[in-house]
Amino acid sequence: MLDLKFIRENPELVKRGIINKNEPDRVDELLELDKQRRSLITQTEELKAKKNSVSKEVGKLKKEGKDTSSIIAEMKIISDKTKEIDTELHQIDEKLNDILYYIPNLPHESVPVGKTEEENVEVRQWLPEGFSFEQNDTEILDHVELGKKLNILDFERGAKISGSGFPLYIGKGATLERALINFMLDTHIRNHGYVEVLPPFLVNRASLIGTGQIPKLEDDIYFIEKDGLYPIPTAEVPITNMYRDEILDEEKLPLNYTGFSSCFRREAGSYGKESKGFLRVHQFNKVEMVKFVKPENSYDELENIVNDAENILKALQIPYRILLLCSGDLSFSAAKCYDIETWSPAENKWLEASSCSNFEDFQGRRTNIRFRNKKTKKLNFVHTLNGSGLATSRLMVSLLENYQTPEGKVIVPKVLQKYTSFEIID
RNA sequence: GGAGAGGUGGGAGAGUGGCUUAAUCCACUGGUUUGCUAAACCAGCGUACCUUUAACGGGUACCGGGGGUUCGAAUCCCCCCCUCUCCGCCA
């Protein structure tokens with residue numbers, strides 16, 4: 001969330017950011033409530049100050065055995081009045097917070113203004129040596145066909161077990177998936193300076209509010225009503241919330257964590273759209289990177305996190321491109337975001353496999369994660385970042401399709417072979 | 001699922017309605033003393049919010065969370081959450 005004081009002092013700036021992000025502008029409504037709130041606070045606090053000092057007096061008088069009944073009667077009135085104001089204040093607070101939690105993070109100044117994904121900017125492209133977008137004569141099988149032919153993916157049985165969008169990996173497919181996860185984790189741990197975590201996959205509501213999925217994306221998240229728990233849509237949620245309500249040691253920043261999790265998304269209302277095979281699923285696997293950093297470093301760290309994800313794709317020799325998202329395509333909590341898309345020859349298009357974002361202090365404020373600034377001795381909110389490093393589902397599409405042979409077999413990328421202990425899927 | 005014990009500042013820990021402005025100890029910060037370090041002594045030490053305080057400031061709230069009783073609540077009452085111990089069940 002944004003700092004209420006900041007909104008109060010920069011209403012036009014905030015409105016512009018909200019509009020550029022295609023979110024509803026409720027700033028005026030918010031500021032009106034803020035005005036009412038502050039007026040009520042002043043009133044109630046004056047009454048409380050009086051009440052406190054008189055009550056102290058009552059204690060003394062009683063000890064001296066003096067009559068206090070008239071003072072107590074007077075205080076009773078003040079006490080009741082205070083309760084009245086507090087009730088009103090409470091209602092206003094609730095309304096105000098409702099709006100405040102719905103106000104998105106503002107786009108960073110380096111983010112291009114735009115309405116839709118069409119206005120995202122391609123920053124760079126990386127292609128393995130000898131790669132060509134031109135298709136040769138042999139027919140390219142898509143990942144669903146390959147999965148079926150090689151008996152490594154079974155979307156029909158996945159649907160039988162759970163419903164559509166719940167992939168079932170079999171045999172070498174399952175092994176390849178596991179190899180991919182292990183390879184990515186090991187790379188981040190050994191080469192990129194991350195500490196591995198294996199977080200809970202069910203979280204409470206406060207965690208989802210903290211990272212910003214709730215309230216806006218609530219419909220996209222599964223909910224286990226019986227226990228009040230939510231299956232995580234991304235490991236970002238549990239990992240970022242590790243330090244909720246904590247004060248971190250400035251010297252230990254930046255803290256870099258990487259973790260595997262399965263991710264669960266309802267994808268409500270998106271049926272029929274690009275839903276073949278892995279393209280849109282309710283459950284997928286992902287290795288996530290999360291950073292807690294000092295504010296002055298967060299934009300450098302954003303570049304780092306993108307590089308860390310890119311290194312995985314370079315090692316796997318999979319063609320990819322980096323997009324800088326325009327303001328309108330940015331997620332609710334993000335100030336700046338790069339998407340990484342990998343190439344699918346069968347679909348003949350780019351597929352989003354990673355998203356790397358700087359949230360600045362938006363999540364830090366919601367989760368109340370701070371550090372003590374040694375220089376100013378003040379508490380400051382940390383900046384948080386995260387990036388997929390990467391999601392295996394879309395990556396698997398590109399991997400299977402790019403590594404298929406003319407006979408419809410799949411060669412295992414070199415860096416994964418020591419994890420799979422086989423070199424080809426046939 | 002059943003029974004019990006707990007949750008107090010950065011940490012330990014006292015506090016059963018008004019001498020509490022949350023004691024005390026540790027940690028931390030500054031100072032005095034001092035070949036150096038240590039010790040000792042002195043002082044300081046929270047967060048959030050409100051407030052045109054010129055400035056030093058003033059005020060309110062906060063003892064797991066939320067309600068309630070009362071002139072006055074860390075303390076009494078109700079609901080919830082979490083942790084621990086034992087029993088049951090269980091991969």
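How many helices and strands are there in chain A?

**Figure 1. Overview of chain A in the predicted model.** Chain A contains 13 helices and 15 strands. The C-alpha trace spans about 100 × 45 × 45 Å along its principal axes. Of the 426 residues in chain A, 49% are buried. Among contacts with a separation of 6 or more, 74% join residues 24 or more positions apart. The exposed area of chain A is about 21100 Å², and 48% of this area comes from carbon and sulfur atoms.

**Figure 2. Protein elements near RNA strand B.** At least two residues of this surface come from each of α1 (4–9), α3 (27–63), α4 (69–102) and β11 (370–372). The most is given by α3, which supplies 13 residues.

**Figure 3. Residues surrounding RNA strand B.** The strand is surrounded by 24 residues, and the closest are Arg-8, Glu-45, Ser-55, Ser-79 and His-90. Sorted by class, the surface near RNA strand B comprises twelve charged, six polar and six nonpolar residues. On the RNA side, sugar or phosphate accounts for 70% of the strand B atoms within 4 Å of the protein, and bases account for the rest.

**Figure 4. Contact of Ser-55 with a base of RNA strand B.** Here a backbone N or O atom of Ser-55 is 2.6 Å from a base nitrogen of the strand.

**Figure 5. Phosphate contacts of Ser-79 and His-90.** A phosphate oxygen of RNA strand B lies 2.8 Å from a polar side-chain atom of Ser-79. For His-90, an N or O atom of the side chain is 3.1 Å from a phosphate oxygen of RNA strand B.

How values were computed
Residues are numbered from 1 along each chain as its sequence is written. Chains are lettered from A and ligands numbered from 1 in the order in which they are written. This is a predicted model: local features need pLDDT of at least 70, side-chain atom pairs count only at pLDDT 80 or more; totals for chains, interfaces and linings use all residues. Side-chain values use heavy atoms; hydrogens and water are left out. A residue is near a molecule or strand if one of its heavy atoms lies within 4 Å of it. A polar contact is a pair of N or O atoms within 3.5 Å; within protein, one must be able to donate a hydrogen and the other to accept it, and residues adjacent in sequence count only if both atoms are side-chain atoms. Helices (H or I, at least four residues) and strands (E, at least two) are DSSP runs, numbered from the N terminus. Ala, Val, Leu, Ile, Met, Phe, Trp, Tyr, Cys and Pro count as nonpolar, Asp, Glu, Lys and Arg as charged, and the others, Gly among them, as polar. Buried means under 20% relative accessible area, exposed over 50%, partly exposed in between (1.4 Å probe, protein chains only). Contact means heavy atoms within 4.5 Å. Accessible areas come from the Shrake-Rupley method with a 1.4 Å probe; for residues, only the protein chains shown count as cover.
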